[in-house]
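Here is an easy-going walk through a structure you may be meeting for the first time. Have a look at the picture, and then we'll take things piece by piece.

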2 protein chains.
Amino acid sequence: MKTPLKSFWYKYQERWMQTGSLVCVGLDSDIKLLPDCLKYSENPIWEFNRRIIDSTQEYTACYKPNLAFYLSDGLRGLDALIKTMEYIPPEIPTILDCKVGDIGNTMDSYVWAFLETIGADSITVNPLMGRDVLDSLAKRDNGFGFVLTLTSNPSAADFLQQQNLCEHIAELVTTYPKAQMGCVVGATQTPDLARMRKLLPQRIFLIPGIGAQGGSLEAVMKYAVDSKEKPDILINSSRGIIFRDHSTRFDYIAGEETRKLKESIEELL
Amino acid sequence: MKTPLKSFWYKYQERWMQTGSLVCVGLDSDIKLLPDCLKYSENPIWEFNRRIIDSTQEYTACYKPNLAFYLSDGLRGLDALIKTMEYIPPEIPTILDCKVGDIGNTMDSYVWAFLETIGADSITVNPLMGRDVLDSLAKRDNGFGFVLTLTSNPSAADFLQQQNLCEHIAELVTTYPKAQMGCVVGATQTPDLARMRKLLPQRIFLIPGIGAQGGSLEAVMKYAVDSKEKPDILINSSRGIIFRDHSTRFDYIAGEETRKLKESIEELL
């Protein structure tokens, strides 16, 4: 069990100042997609993550494992997740992508599970059930949540983009301190990025959807960045980094892809 | 790994016909609330659940463990959840309360984790990200989801009860077969129960909020039941059953509470 000594907010700011990186490496370590060379490892996901972290950490602002891919490998997968969190250097902040959204003592238990038992610095949160969902995080000194505000999938149009739901969620977020709540804002919805930034100044945006899902890095850098000095964004890339190569050199290639994404972001800033 | 041979829908109907029970026992087995007599067990949650299942199964239509309370006990907690699912007699359907809502290969992985690795017959689903969330379940023959449609917490008023969001979710649910999608409809929102039932005939409603959260059983039985012959409801009780007593007789008392709730429902049907 790793207790975060510094909050996500603090780690994020410090990491930005020290490395200039805004890249979030998504550890969507789907066991079905791992390179063949890891097939007979005792714990393939853990072995994969260890090598990815070794090769990418120099260029990385943040790591974001996605809970689904760990639970699907059962006890061994949860063990890989815990080992991964312990292995990530303490100065690099982490997000557990779990998109949970429950209330009361259930949400308290999730927050305990993810921040204490698993050792993440922050989690993604689904706000459908309203303010009650956010209170478990807000009452912790070191809690930080990324609230699903506008996502990058096609059917975000079903609810989030209807009747200003994403704006209403943004309004709810603004009632919490910036050091406790950020937002997930999908990058394929570029016309909406500027609107979200205007509603949510100085909030950290976790931005998925670049690359595989078709989002434009140029648009993100133009519309979502807060300021050149304090951009307040994290640009996530998962498959484009960790599954770019399936040979024994997968880790080297992942490092190179992370470096390239970091540099592309710097050029556009 | 337990592969469900029969779908949740089939098991639910058969269980209703054979036992006349509509009680869903919520296995919210929070390790902090377990009776003292289990404190020194090797795996307290598993030991607790085993005794609760032994004493309640005669009167139970369905069991619903809540993922949060298992993850908060780490690897041992996940092990307790897997053992619990294996132990529940195959004729009693199960719901894993996880409220996940992700998309694409992430949601595929959650569905695999919960229905295959953990062995649940169904899960609860958060539809905020739209139709994409439901497709991973819908493409499986034996998949079944309970979609959060209207919840029983106070801040359901923030989004679900605004601008007919719950009705829009209900409309989305109606585009899927009844044998694949049910709904979570909170019982403290009694004025809304009849409206939801009218929109969603013959859907199975999972109804939380009776007892601890102040919902009225009379109102549920009056407004949410589909028909006397096929009620299509499950009335969940968690703390009111499993934590009613904290002595060494906790399991006996849980059995009695389950029997009483089953009988109260029968009287009102």
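Let's begin with a pair of strands: E3(B) runs parallel to strand E4 (residues 122–125) of chain B, and three bridges join the two. One of the residues involved is B:Val100, whose bridge partner in E4(B) is B:Val125. Keep in mind that this is a predicted model.

How many residues of E3(B) are buried? Six of the six, so the strand is largely enclosed by the rest of the structure. Both of its faces are covered: on one side sit B:Ile95, B:Asp97 and B:Lys99, on the other B:Leu96, B:Cys98 and B:Val100, and all of them are buried.

Just step back along the chain and you reach B:Ile92, in the loop between H4 and E3 of chain B. This loop residue is buried, with 20 other C-beta atoms within 10 Å. Leaving aside neighbours within four places in sequence, B:Ile92 is in contact with B:Arg15, B:Gln57, B:Thr60, B:Cys62 and B:Tyr63. From B:Ile92 to B:Phe8 is 84 residues in sequence, yet their C-alpha atoms are 9.1 Å apart in space.

Now for the two chains together. A turn of 180 degrees, with a shift of 0.0 Å along the axis, lays chain B on chain A with an RMSD of 0.0 Å. That is how a two-fold axis relates two copies. Where they meet, 42 residues of chain B are in contact with 42 residues of chain A. On the chain B side, helix H3 (67–71), helix H4 (74–87), strand E3 (95–100), helix H5 (104–117) and helix H7 (165–174) each supply at least two residues. The largest share, seven residues, comes from H5(B). Sorted by class, this side of chain B has 20 nonpolar, 15 polar and seven charged residues. And since 100% of the interface residues of chain B are also interface residues in chain A, the copies meet through the same surface.

What about the interior? In general, nonpolar side chains in soluble globular proteins tend to be buried together. Here the largest nonpolar core has 178 residues, and A:Ile207 and B:Ile207 touch the most other members. Apart from neighbours within four places in sequence, the contacts of B:Ile207 are B:Val185, B:Ala187, B:Val220, B:Ala224, B:Ile233, B:Leu234, B:Ile235 and B:Asn236.

Over in chain A, helix H8 (residues 190–199) has buried residues A:Asp192, A:Leu193, A:Met196 and A:Arg197. Looking down the axis of H8(A), you'd find them within an arc of 140 degrees, so they line one face of the helix. These buried residues pack against strand E5 (145–150), helix H7 (165–173), strand E6 (181–185) and helix H9 (217–223) of chain A. The face turned away from that buried side carries the exposed residues A:Pro191 and A:Lys198.

Last, two loop residues of chain A have a positive phi although neither is a glycine. Here they are side by side:

| Residue | Phi | Loop in chain A | C-beta atoms within 10 Å | Exposure |
|---|---|---|---|---|
| A:Gln163 | about 50 degrees | between E5 and H7 | 14 | partly exposed |
| A:Gln202 | about 65 degrees | between H8 and strand E7 (205–207) | 10 | exposed |

Methods: Residues are numbered from 1 along each chain as its sequence is written. Chains are lettered from A and ligands numbered from 1 in the order in which they are written. This is a predicted model: local features need pLDDT of at least 70, side-chain atom pairs count only at pLDDT 80 or more; totals for chains, interfaces and linings use all residues. Copies are superposed by least squares on the C-alpha atoms of residues with pLDDT of at least 70 in both. Two residues are in contact if their C-beta atoms, placed from the backbone, lie within 7 Å. A nonpolar core is a set of buried Ala, Val, Leu, Ile, Met, Phe, Trp, Tyr and Cys residues joined through C-beta atoms within 7 Å. A residue is buried if 20 or more other C-beta atoms lie within 10 Å of its own, exposed if 12 or fewer, and partly exposed in between; C-beta atoms are placed from the backbone. Helices (H or I, at least four residues) and strands (E, at least two) are DSSP runs, numbered from the N terminus. Ala, Val, Leu, Ile, Met, Phe, Trp, Tyr, Cys and Pro count as nonpolar, Asp, Glu, Lys and Arg as charged, and the others, Gly among them, as polar. The arc is that of the directions from the helix axis to the C-beta atoms. Two strands pair if DSSP finds at least two bridges between them.
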